[in-house]
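Subject: Structure for you to look at

Hi,

Here is the structure I promised to pass on. Could you open it alongside this message and read the notes below with it on screen?

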Amino acid sequence: MADKHAVDVHRVAEQCGIKILKPALHGANAGRARVCFCPKTLKRIGQAHGPDHLRLVLRLIVESEGNAGELQGDTITAVSAVVLSGLVEIHADLFDDIDLGQVRTWAQFVKPGCSTQQTMATALLWLLASPERVMPKLSAEEEAAELKRVEIARKGRENAKRRRLIKAETEKAARFP
């Protein structure tokens, strides 16, 4: 098991201008900017990845345009996953053009057999690191080789199908002479 980091989540949150309240108070204070009701989530992420990672995740959320009220467990965990992916260049305005609350609401409704936080992380990675952005374009030679590979695979499947049909006909003829 990975080493646990010592982390004081209240201190880290305070450094980010965030107030941690008890989860029982969530109803009356939901959606307030820079208020968090999920200390267990913060502790889990902080212990797993350290206080610097936790601080970065919290700052990415609260310092982005319109997302300071999105300190929900699912959102925090999804942003942490995006940071840990290594696929996204981290910068201060990373989430300025993304409404994290809207992404979370969408993820709650469409989650395809996985958690809201996993669905959110996938959606955020698609927005921030889609294949067009992450994968390099193929050179003309590489593209030609890929097309040739696809054609060879297609012909191989056709030949295998033809052999199966011939074998089935031969077996049928042998059974019914």
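What follows is a short tour of the helix packing and of a few individual residues. Please keep in mind that this is a predicted model.

**α3 against α5**

Let me begin with two helices that pack together. Two packed helices are described by the angle between their axes and the distance between the axes. For α3 (residues 39–49) and α5 (residues 73–85), the angle is about 20° and the axes are 10 Å apart. Angles under 35 degrees count as roughly parallel, so α3 and α5 are roughly parallel to each other. Their crossing is right-handed. On the α3 side, the contact is made by T41, L42, R44, I45 and H49; α5 brings G73, I76, T77, S80 and L84 to it. Sorted by class, the residues of this contact are four nonpolar, five polar and one charged.

T41 deserves its own look. This residue of helix α3 counts as buried because its relative accessibility is 14%, and buried means under 20%. Leaving out residues up to four places away in sequence, T41 touches G73, I76 and T77. To give you a sense of scale, the C-alpha atoms of T41 and G156 are 51 Å apart in space, with their positions 115 residues apart in sequence.

**α3 against α4**

Which way do α3 and α4 lie to each other? Their axes come within 7 Å and cross at roughly 130°, and the two helices are therefore oblique to each other. Here L42, I45, G46 and H49 in α3 meet P51, H53, L54 and L58 in α4. By class, this contact has five nonpolar and three polar residues, with no charged ones.

Helix α4 (residues 51–62) is also the place of D52. Is D52 buried or exposed? With a relative accessibility of 57%, D52 counts as exposed. The side chain of D52 is joined to that of R55 by a polar contact of 2.7 Å. D52 and S85 are 33 residues apart along the chain, and 16 Å separates their C-alpha atoms.

**Two threonines in α7**

Further along the chain, have a look at T116 and T119. T119 is found in helix α7 (residues 116–129), and T116 lies in α7 too. T116 counts as buried at 8% relative accessibility, and T119 counts as buried at 6%.

What does each of them touch, not counting residues up to four places away in sequence? For T116, the list is D74, R104, A107, Q108 and K111. For T119, the list is W106, A107, V110, K111, P112 and C114. A107 and K111 appear in both lists.

**A backbone detail at R34**

One last stop is the loop between α2 (26–29) and β2 (35–36), where R34 is found. Phi of R34 is near 60°, a positive value in a residue other than glycine. As for solvent, R34 has a relative accessible area of 29% and is therefore partly exposed.

Happy to hear what you make of it once you have had a look.

Best wishes

How values were computed:
Residues are numbered from 1 along each chain as its sequence is written. This is a predicted model: local features need pLDDT of at least 70, side-chain atom pairs count only at pLDDT 80 or more; totals for chains, interfaces and linings use all residues. Side-chain values use heavy atoms; hydrogens and water are left out. Axes are lines fitted to C-alpha atoms, for helices over the stretch in contact, and angles run from 0 to 180 degrees between N-to-C directions. Helices (H or I, at least four residues) and strands (E, at least two) are DSSP runs, numbered from the N terminus. Angles under 35 degrees count as roughly parallel, over 145 as roughly antiparallel, 65 to 115 as roughly perpendicular and the rest as oblique. A crossing is left-handed if the near helix is turned anticlockwise from the far one by less than a right angle, and right-handed if clockwise. Contact means heavy atoms within 4.5 Å. Ala, Val, Leu, Ile, Met, Phe, Trp, Tyr, Cys and Pro count as nonpolar, Asp, Glu, Lys and Arg as charged, and the others, Gly among them, as polar. Buried means under 20% relative accessible area, exposed over 50%, partly exposed in between (1.4 Å probe, protein chains only). A polar contact is a pair of N or O atoms within 3.5 Å; within protein, one must be able to donate a hydrogen and the other to accept it, and residues adjacent in sequence count only if both atoms are side-chain atoms.
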